[in-house]
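Q: Please walk me through this structure, and tell me what stands behind each label you use. I would like to see the reasoning as well as the result.

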Amino acid sequence: MTKHYGVITLFAEMFDAIADFGVTRRGLDEKAWQLQCWNPRDFAVNAYKSIDDRPYGGGPGMVMMAEPLTAALDAAVKQQVANGVVKPKVVYVTPQAKPITDAGIRELATEDGLIFLCGRYEGIDERVIESRVDLEVSIGDYVLSGGELAAMVLIDAMVRLLPGVLGDGQSAVEDSFSPGRDGLLDHPHYTRPESWNGEAVPPVLMSGDHAKIDAWRRRQALARTFERRADLLEGKSWNKQDLKLLEEIRREQKK
Ligand code: 9WO
């Protein structure tokens, strides 16, 4: 039922961004998921409460120490197990992994308990990864100042898939024209007023003919995907209707 998401972070307040706003906040209120943050500082062992130290081998910057991280991780795992999670998975968010896809998000979302390890500085002691981490996940090929934003991206993407979290109007099925579902980009959207800045809404959307509207949206989604992300169309199997639309789009683009 309730998904258990734990986070090892020096900056728990950052997670207010998903706990306090929007769809993710509603999911918390509805107990679709719960969040618990653990600060490695609270598990520091020496007199100075250090959590980082200089890298062996030299070089700039600091590395997060194994002891406070593993103590925090072990506490987080123990807590989830006490709360009924059979086998919490520890996820290290790092740019040193293959970037996750929509399919990866859906797979991660099947786990009952996840613990996100958020690094800072130049990274964490490798022995933490070897001894505690079940999987390493990247959200894209760029470096952030820490793992927190990446962990929040993953949590946000998973929580909106949980049953009952999205309202009826925006259900997961309605996502059918997105890189998520059948691998196409979304069609364009319009709302009132009917004329804005001298620009009218496409008349088909005002026609009330829902078969025609669906066909128009499908065509728009295909055309956009073809123009912007042709890579997403590779290796897909098509129905007759889509093939016809694609042929039309191709012919138009040649002009
Ligand atoms: C810092 C750095 C400095 C000089 C040369 C190379 C460097 N790499 C890093 C680095 O990777 N720092 C990380 C910061 C350490 C772990 C947490 N940080 C992080 C996670 N940045 N970006 C992510 C991240 C996570 C998931 N998906 C994309 C980016």
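A: Happy to! Let's start with helix α8, whose buried residues pack against α7 (210-228). Keep in mind that this is a predicted model.

Q: Which residues of α8 are the buried ones?
A: They are Asp 242, Leu 245, Leu 246 and Ile 249. The four cover an arc of only 100 degrees around the axis, so they sit on the same side of α8. There is a simple rule behind such patterns: an α-helix has 3.6 residues a turn, so residues three or four places apart point the same way.

Q: And what does the face of α8 turned away from its buried side carry?
A: That face carries the exposed residues Lys 240, Lys 244, Arg 251 and Lys 254.

Q: How does the reach of α8 fit with its number of residues?
A: Helix α8 runs over residues 240-254, which is 15 residues. From first C-alpha to last, α8 reaches 21 Å, close to the 21 Å expected at 1.5 Å a residue.

Q: What makes Asn 239 a cap for the N-terminal end of α8?
A: A side-chain oxygen of Asn 239 lies 3.3 Å from the backbone nitrogen of Gln 241. A polar contact needs N or O atoms within 3.5 Å, so this pair qualifies.

Q: Moving to the other domain, why is Val 77 called partly exposed?
A: Its relative accessibility is 25%. Buried would need a value under 20% and exposed one over 50%, so Val 77 falls in between. Val 77 is found in helix α3 (residues 66-82), and, leaving aside neighbours within four places in sequence, Val 77 is in contact with Pro 88, Val 90 and Ile 115.

Q: How far apart are Val 77 and Ile 249?
A: They are 172 residues apart in sequence and 52 Å apart in space, C-alpha to C-alpha. For the wider picture, the domain assignment gives domain 1 (3-159) and domain 2 (179-254), with 39 Å between their centres.

Q: Why is the aromatic pair of Tyr 5 and Phe 116 called edge-to-face?
A: The angle between the planes is 65 degrees, and the centres are 6.2 Å apart. Pairing asks for centres within 6.5 Å and edge-to-face for over 60 degrees, so both conditions are met. The pair joins strand β1 (residues 3-8) to strand β6 (residues 113-117), across 111 residues. Both rings belong to buried residues, and Tyr 5, Trp 33 and Phe 116 form one aromatic cluster.

Q: What makes the pair of Trp 38 and Phe 43 tilted?
A: Here the planes are 45 degrees apart and the centres 6.4 Å. Stacked means under 30 degrees and edge-to-face over 60, so tilted is the name that remains. Trp 38 is buried at 14% relative accessible area, whereas Phe 43 is partly exposed at 24%.

Q: Lastly, why does His 4 count as buried or exposed?
A: His 4 has 10% relative accessibility, under the 20% limit, and therefore counts as buried. His 4 sits in strand β1, and a polar atom of its side chain lies 3.2 Å from the backbone oxygen of Thr 2. Contacts of His 4 beyond four places in sequence include Gln 34, Gln 80 and Leu 114.

Methods
Residues numbered from 1 in each chain as written. Predicted model: local features only at pLDDT ≥ 70, side-chain atom pairs only at ≥ 80, totals over all residues. Heavy atoms only, no water. Helix = DSSP H or I, 4+ residues; strand = E, 2+ residues; numbered from the N terminus. Expected span 1.5 Å × (residues − 1). Buried < 20%, exposed > 50% of the residue type's maximum accessible area, 1.4 Å probe, protein only. Arc of directions from axis to C-beta. Contact = heavy atoms within 4.5 Å. Polar contact = N/O pair within 3.5 Å; in protein donor to acceptor, adjacent residues only side chain to side chain. Domains from an automatic or database assignment. Phe/Tyr/Trp six-rings, centres within 6.5 Å; stacked < 30°, edge-to-face > 60°.
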